[in-house]
Structure formats: structure tokens, C-alpha cells
Amino acid sequence: MAKAQAVAALLLAMVVALAAMEGAHAICGMANEDFKLCQAAASVNDPTDSPSAGCCAALGKADLGCICRYRGVAGIWMRIYHIDPSRAMALPGKCGLTMPSNCS
């Protein structure tokens, strides 16, 4: 199981890198620029108290169920962007959005 998660994390990191290079691809309905809008509120170091309006708009268009599926294998990606997983998963709630019930 750990090997499968490592492979999935590597694939996710590759997809994120490709999306960053090409700028046209999206993950879960969020482009690289959308993720960057939310970075300050989910940062490991010195996060903002609230997500920006741009972050909330991006999350509002995102596939939150898809984001839930990635949360367990996104550790590498989160470390690259210095994202705190707990803060990241709290952002939809701070934007007044409801996460799917199977996302805990």
C-alpha cells in the first residue's frame, strides 16, 4: 500500500509540474495559478488568517471531491509549495463551501 501511495504521489507531482510548465492543464478544476491564489492562506510559515477572494473563487469552481481524493497522496506536492495539509483542507470551509461528506 505504501508503494502505491508513493507512486501516486510521484504521478501527482509530475502532473503539477507539467501543469506549471504548460499553464493550460488543471487538477481538480484548478490551474496552477488557482493553487497559488490559495498558497498564502495554507502556508506552513506565516499564513494569512483568511483565504483571499480569488482563492475562494477558485475553490468555488474546483471539484472538491477530486481534491479529497488527492489529499492522502499529495504530501510531496504540499512540501514543494510549503503547504500545511490541515490549513489547505480547512480553506473550503473558510470560503463557505461544503466539502463532500466522505472527505474527512
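**Exercise 1. Decide whether C55 is buried or exposed in this predicted model.**

Step 1. Take the relative accessibility of C55, which is 0%.
Step 2. Compare that value with the cut-off: a residue counts as buried under 20% relative accessible area.
Step 3. C55 therefore counts as buried.

**Exercise 2. Find the disulfide partner of C55 and describe the link.**

Step 1. Look at the sulfur atoms: those of C38 and C55 lie 2.0 Å apart, and the two residues form a disulfide. A disulfide is a covalent bond between the sulfur atoms of two cysteines.
Step 2. Read the torsion about the S-S bond. For C38 and C55 it is 105°, and the link is right-handed.
Step 3. Place both ends in the chain. C38 sits in helix α2 and C55 in helix α3, 17 residues apart, so that the pair links distant parts of the chain.
Step 4. Check the burial of the partner. C38 has a relative accessibility of 7% and therefore counts as buried.

**Exercise 3. State how far E33 is from C55 in sequence and in space, and classify E33 by its accessibility.**

Step 1. Locate E33: this residue is found in helix α2.
Step 2. Give both separations. E33 and C55 are 22 residues apart in sequence, and their C-alpha atoms are 9.7 Å apart in space.
Step 3. Classify E33. Partly exposed residues fall between the cut-offs of 20% and 50%. The relative accessibility of E33 is 46%, so E33 counts as partly exposed.

**Exercise 4. Describe the disulfides C56 to C95 and C68 to C103, then give the pattern for the chain.**

Step 1. Begin with C56 and C95, which are joined by a disulfide with an S to S distance of 2.0 Å. The torsion about their S-S bond is about -75°, so this disulfide is left-handed.
Step 2. Place this pair. C56 belongs to helix α3, while C95 belongs to the segment after α6; the two are 39 residues apart, and the pair links distant parts of the chain. C95 counts as buried because its relative accessibility is 18%.
Step 3. Turn to C68 and C103. A disulfide joins them, with 2.0 Å from S to S, and at -100° about the S-S bond the link is left-handed.
Step 4. Place this second pair. C68 is in helix α4 and C103 in the segment after α6, so the disulfide ties together parts 35 residues apart in sequence. C68 is buried at 5% relative accessible area, and C103 is buried at 15%.
Step 5. Write the pattern. The structure holds 4 disulfides. With bonded cysteines counted along the chain, they follow 1-5, 2-3, 4-7, 6-8.

**Exercise 5. Describe the largest nonpolar core and the elements that build it.**

Step 1. Give its size and main members. The largest nonpolar core has 23 residues, and those with the most contacts inside it are M30, C38, L59, L64, I67, I83 and L91.
Step 2. List the elements that give two or more residues to this core: α2 (32–42), α3 (53–61), α4 (64–70), α5 (75–80) and α6 (85–94).
Step 3. Name the element with the largest share. It is α4, with 4 residues.
Step 4. Follow one member. Leaving aside residues up to four places away in sequence, M30 touches F35, C38, A58, L59, A62 and I67.
Step 5. Add the general rule. In soluble globular proteins, nonpolar side chains tend to be buried together.

**Exercise 6. Show which residues of α6 are buried and which are exposed on the opposite face, and describe both ends of the helix.**

Step 1. Name the buried residues: A88, L91 and P92 are buried in α6.
Step 2. Look down the helix axis. The buried residues of α6 fall within an arc of 90°, so they line one face of the helix.
Step 3. Turn to the face of α6 directed away from the buried side. This face carries the exposed residues S86 and G93.
Step 4. Inspect the N-terminal end. D84 caps α6 there, with a side-chain oxygen 2.9 Å from the backbone nitrogen of S86.
Step 5. Inspect the residue just after α6. G96 takes a positive phi of about 80°.

**Exercise 7. Summarise the protein chain as a whole.**

Step 1. Count the elements: the chain has 6 helices and 2 strands. Their order along the sequence is α-β-β-α-α-α-α-α.
Step 2. Give the buried share. Of the 104 residues, 36% count as buried.
Step 3. Give the exposed surface. The chain exposes about 6,200 Å², and carbon and sulfur atoms supply 60% of it.

Terms used:
Residues are numbered from 1 along each chain as its sequence is written. This is a predicted model: local features need pLDDT of at least 70, side-chain atom pairs count only at pLDDT 80 or more; totals for chains, interfaces and linings use all residues. Side-chain values use heavy atoms; hydrogens and water are left out. A nonpolar core is a set of buried Ala, Val, Leu, Ile, Met, Phe, Trp, Tyr and Cys residues joined through side-chain atoms within 4.5 Å. Buried means under 20% relative accessible area, exposed over 50%, partly exposed in between (1.4 Å probe, protein chains only). Contact means heavy atoms within 4.5 Å. A disulfide is a pair of cysteine sulfur atoms within 2.5 Å. The arc is that of the directions from the helix axis to the C-beta atoms. A polar contact is a pair of N or O atoms within 3.5 Å; within protein, one must be able to donate a hydrogen and the other to accept it, and residues adjacent in sequence count only if both atoms are side-chain atoms. Accessible areas come from the Shrake-Rupley method with a 1.4 Å probe; for residues, only the protein chains shown count as cover.
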